[in-house]
Amino acid sequence: MACRDPEVDLWTVPLVALNVRVRKQLGLYLNPRSTVAPDWMAVAEAMGCTYLEIKNYESCVNPTKAVLEDWQARCSDATVGKLLSILSDEVERKDIVEDLRPLIDEDVRKYLDNQKKKAEPPLQVPEVDSCLPRTPERFGITLEDDPEGAPELFDAFICYCQSDFEFVHEMIRELEQTECRLKLCVFDRDVLPGSCVWTITSELIEKRCKRMVVVVSDEYLDSDACDFQTKFALSLCPGARNKRLIPVKYKPMTKPFPSILRFLTICDYTKPLTQSWFWVRLAKALSLP
């Protein structure tokens, strides 16, 4: 399916181009269960979701949003064109496409304009600090940021390394997609590309997240990004006075536990006798004011 601009192929435009406004509108159309028109379940099935995955999405406040996010994260062909094809051809919801097409085209245009600007050579100025926080960078840094409203806030920032991402997925299922209803900040899922990593990370940890969960493993000890995030969070709460940082150990370690975290109470998933209490304790800690 092509964009109304004949020079733009929507099959090449990633789903991340669609802003929060369009995603909310899709939820308004698809979230209500209907016996007349196909709903979010039909869309999820067309996107390749399994029966168990679809049943799990039922517990979400906004299942359409969860389906889109997971599809975007796991599928390289999650594009605007593919989404429109699913809606129009596979689930026969041409009404949604017709109603939302102006908003979708606007989001695509803005995304392509932004990509074009990023590709242009930077202006030469005497001094440039690429990690200096600037006002425009504080908005539009996460997936659901509304440039015209308040910045997106989270219950917890998740500090992890890539090799532990499977456990992070389990954390999302247990803390976001259950009755806990917590909102986690997962960098690879929630942060938009193109900004200074250190600036955005500091902004999220200090101003947008109430707490930080540190997924500790042998691989974590070798991660420069995790080291920076942990030390920055600790600098905000000397002595752990406000219980801001929560270490989580989910698998056995061969290396010594990091000394800078030893004074904090650990949420340990490796102990069989206390494993059944793990998610309840962690959710309670993250729910505190």
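**Exercise 1. The second largest pocket**

Which residues lie nearest the centre of the second largest pocket, and how many residues line it? Work this out on the predicted model shown above.

*Solution.*
Step 1. Begin with the lining: 34 residues surround the second largest pocket. Nearest its centre lie E69, D70, E176, Q177 and R189.
Step 2. Next, sort the lining by element. Two or more residues each come from α3 (51-57), α4, α7 (165-175) and α8.
Step 3. Find the main contributor: α4 supplies seven residues, the most of any element.
Step 4. Finish with the volume of the second largest pocket, which is about 980 Å³.

**Exercise 2. An arginine at the pocket**

Describe the surroundings of R189, and decide whether R189 is buried or exposed.

*Solution.*
Step 1. Locate the residue: R189 belongs to helix α8, which spans residues 187-190.
Step 2. Apply the cut-off. Buried means under 20% relative accessible area, and R189 is buried because its value is 17%.
Step 3. List the contacts, skipping residues up to four places away in sequence. R189 then touches E69, L143, I172, E176 and L184. Two of these names will be familiar: E69 and E176 are, like R189, among the residues nearest the centre of the second largest pocket.
Step 4. Look for a polar partner. The R189 side chain comes to 2.9 Å from the backbone oxygen of L184.

**Exercise 3. Two loop residues**

Compare P38 with T79: where does each sit, and what does each touch?

*Solution.*
Step 1. Place them both. P38 is in the loop linking α1 (20-30) and α2 (40-46), while T79 is in the loop from α4 (63-74) to α5 (80-90).
Step 2. Check accessibility. P38 has 28% relative accessibility and therefore counts as partly exposed; T79, at 7%, counts as buried.
Step 3. Collect contacts, leaving out neighbours within four places in sequence. For P38 these are L30, V91 and R93. For T79 they are L10, W11, V13, P14, L15 and W71.
Step 4. Follow one P38 contact further. R93 is 55 residues away from P38 along the chain, yet their C-alpha atoms are 7.2 Å apart.

**Exercise 4. A residue on a helix**

Where does R109 lie, and how far is its C-alpha atom from that of A17?

*Solution.*
Step 1. R109 is part of helix α6, residues 94-119.
Step 2. With a relative accessible area of 45%, R109 is partly exposed.
Step 3. A separation of 8.9 Å divides the C-alpha atoms of R109 and A17, residues that are 92 positions apart in the chain.

**Exercise 5. Strand β4 and its partners**

Why is strand β4 largely enclosed by the rest of the structure, and which strands pair with it?

*Solution.*
Step 1. Count the buried residues: β4 (residues 245-249) has five residues and four of them are buried, so the strand is largely enclosed.
Step 2. Take one partner. β3 (residues 209-216) pairs with β4 in parallel, through five bridges, and M212 is opposite L245 of β4.
Step 3. Take the other. β5 (residues 267-268) is also parallel to β4, joined by two bridges, with V248 facing C267 of β5.

**Exercise 6. The whole chain**

What are the overall figures for the protein?

*Solution.*
Step 1. Tally the secondary structure: eleven helices and five strands.
Step 2. Turn to burial, where 44% of the 289 residues count as buried.
Step 3. Consider contacts with a separation of 6 or more: 71% of them join residues 24 or more positions apart.
Step 4. Close with the surface. About 15,800 Å² is exposed, and carbon and sulfur atoms supply 55% of this area.

Methods: Residues numbered from 1 in each chain as written. Predicted model: local features only at pLDDT ≥ 70, side-chain atom pairs only at ≥ 80, totals over all residues. Heavy atoms only, no water. Helix = DSSP H or I, 4+ residues; strand = E, 2+ residues; numbered from the N terminus. Buried < 20%, exposed > 50% of the residue type's maximum accessible area, 1.4 Å probe, protein only. Contact = heavy atoms within 4.5 Å. Polar contact = N/O pair within 3.5 Å; in protein donor to acceptor, adjacent residues only side chain to side chain. Pairing = 2+ DSSP bridges. Areas by Shrake-Rupley, 256 points an atom, 1.4 Å probe, with all protein chains shown as cover. 1 Å grid on protein atoms, 1.4 Å probe; cavity = no way out; pocket = protein on both sides within 12 Å on 5 of 7 lines; lining within 4 Å. Points joined across faces, edges and corners; volume = space filled by probe spheres on them.
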